[in-house]
Amino acid sequence: MSGEFDFIAHVRTQQHIAGPVVLAAGDDLAILKLFELDATLVGIDQVLDGVHFDSSIHPPELIGRKAMNRNLSDIAAMAALPTAALVSLALPAGTTLDYAKRLYAGLKDAGNAFDCAIVGGDTGTWASASTGRLAVTVVILGRSAGVTPVRRSGARVDDHVYVTGPLGGSIAGRHLTFVPRIREARALATRYKITSMIDLSDGLSRDLAHLCIESGVGAVIDASLVPIHIDAVAMKGRSPIERALSDGEDYELCFTGEPGIAEAICVGRVIAGDGVWIETDGRREPMMAKAFEHAIG
Ligand SMILES: [Mg+2]
């Protein structure tokens with residue numbers, strides 16, 4: 001991008017000093033005042049043109065929004081609150097200042113929705129149009145803020161398995177416009193005994209398997225209880241239940257905990273042993289097989 005200094009100057013006008021931020025972009029490093037009694041959580045996530053978005057059809061505001069919100073969804077998955085974020089941009093040759101500003105606006109607005117300031121970052125531009133496409137990398141810092149972080153490893157036999165919303169068909173648009181479930185996670189973890197949690201980026205069948213492996217348990221899901229998003233119902237090709245189990249990028253939360261949590265949707269329960277199973281009309285089969293029925297046969 002020509003005008004990189006103009007972009008950095010623009011970014012600096014977008015920042016303000018508040019909350020944990022003592023010094024934002026402009027010096028060699030930002031300064032944060034972390035909260036003494038809190039655990040600090042940290043993570044990183046990258047979105048790539050052609051993999052997580054398509055810059056030929058998706059506006060830069062939505063690309064920036066998705067990049068930030070994927071990180072905020074990981075904060076939600078541990079029932080934490082965001083503290084601040086850092087952004088690294090790899091821009092294609094010929095990116096205009098206006099495009100970079102719009103991308104940044106998407107990142108910033110998504111962060112602002114959860115009081116998460118962007119306190120620094122780095123921008124690089126590929127040398128020629130043939131070499132590189134847009135990549136947006138976000139480092140996120142979070143804090144426990146009075147709630148013990150919920151890990152993937154705490155699920156216990158006879159816990160119930162819940163999700164926070166309908167699943168499937170996110171490719172119709174929700175993969176760009178979802179809202180991270182930070183408020184929901186905080187409310188749930190404050191009110192109830194939540195034993196494990198993960199955000200649904202790869203689809204219920206894969207993400208619940210991650211959670212079960214970390215916890216050393218199995219799970220059985222009742223197909224009739226899985227909430228299917230209207231987007232998945234409207235789509236051609238694979239069946240709505242297959243989409244709900246495997247499409248991914250729902251960014252709802254999947255968690256285990258005590259029975260009777262009315263604020264979420266119970267879809268099954270934790271069992272001894274290993275493996276994730278789904279029951280359809282009393283017939284039990286491996287959930288991966290159900291999720292990819294057409295792909296395997
Ligand atoms: Mg995650």
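1. Starting with the lining of the largest pocket in this predicted model: its residues divide into 15 nonpolar, five polar and four charged. The pocket holds about 450 Å³ of space, and of its 24 lining residues, Ala-25, Val-119, Gly-120, Gly-121 and Asp-122 are the closest to the centre.

2. Which element gives the largest share of that lining? Strand S5 (117-125) does, with six residues. Helix H1 (4-13), strand S2 (31-32) and strand S4 (81-91) also give two or more residues each.

3. The second largest pocket has about 260 Å³ of space. Of the 16 residues lining it, those closest to its centre are Val-42, Asp-74, Ile-75, Ala-77 and Met-78. By class, the lining has 10 nonpolar, two polar and four charged residues. Strand S3 (40-48), H2 and S8 each supply at least two of them.

4. Asp-74 is worth a second look, as it turns up again at the magnesium ion: the protein donors there are Asp-74 (OD) and Asp-199 (OD), lying 2.1 Å from the ion. This pair links distant parts of the chain, with Asp-74 in helix H2 (residues 60-77) and Asp-199 in strand S8 (residues 194-199), 125 residues apart. Asp-74 is partly exposed at 35% relative accessible area, whereas Asp-199 is buried at 4%.

5. How many disulfides does a search of the whole structure find? Zero. For Cys-212, the closest cysteine sulfur is in Cys-254, 8.1 Å away, which is too far for a bond, given a cut-off of 2.5 Å. Both cysteines count as buried, Cys-212 at 4% relative accessibility and Cys-254 at 0%.

Methods: Residues are numbered from 1 along each chain as its sequence is written. This is a predicted model: local features need pLDDT of at least 70, side-chain atom pairs count only at pLDDT 80 or more; totals for chains, interfaces and linings use all residues. Side-chain values use heavy atoms; hydrogens and water are left out. Buried means under 20% relative accessible area, exposed over 50%, partly exposed in between (1.4 Å probe, protein chains only). Donors are N, O and S atoms within 2.8 Å of the metal (3.2 Å for Na, K and Ca); water is not among the atoms, so sites may look incomplete. Helices (H or I, at least four residues) and strands (E, at least two) are DSSP runs, numbered from the N terminus. On a 1 Å grid over the protein atoms alone, a cavity is a set of points where a 1.4 Å probe fits but cannot get out, and a pocket is an open set with protein on both sides within 12 Å along at least five of seven lines; lining residues have an atom within 4 Å of a point. Grid points are joined across faces, edges and corners, and a volume is the space filled by probe spheres set on the points. Ala, Val, Leu, Ile, Met, Phe, Trp, Tyr, Cys and Pro count as nonpolar, Asp, Glu, Lys and Arg as charged, and the others, Gly among them, as polar.
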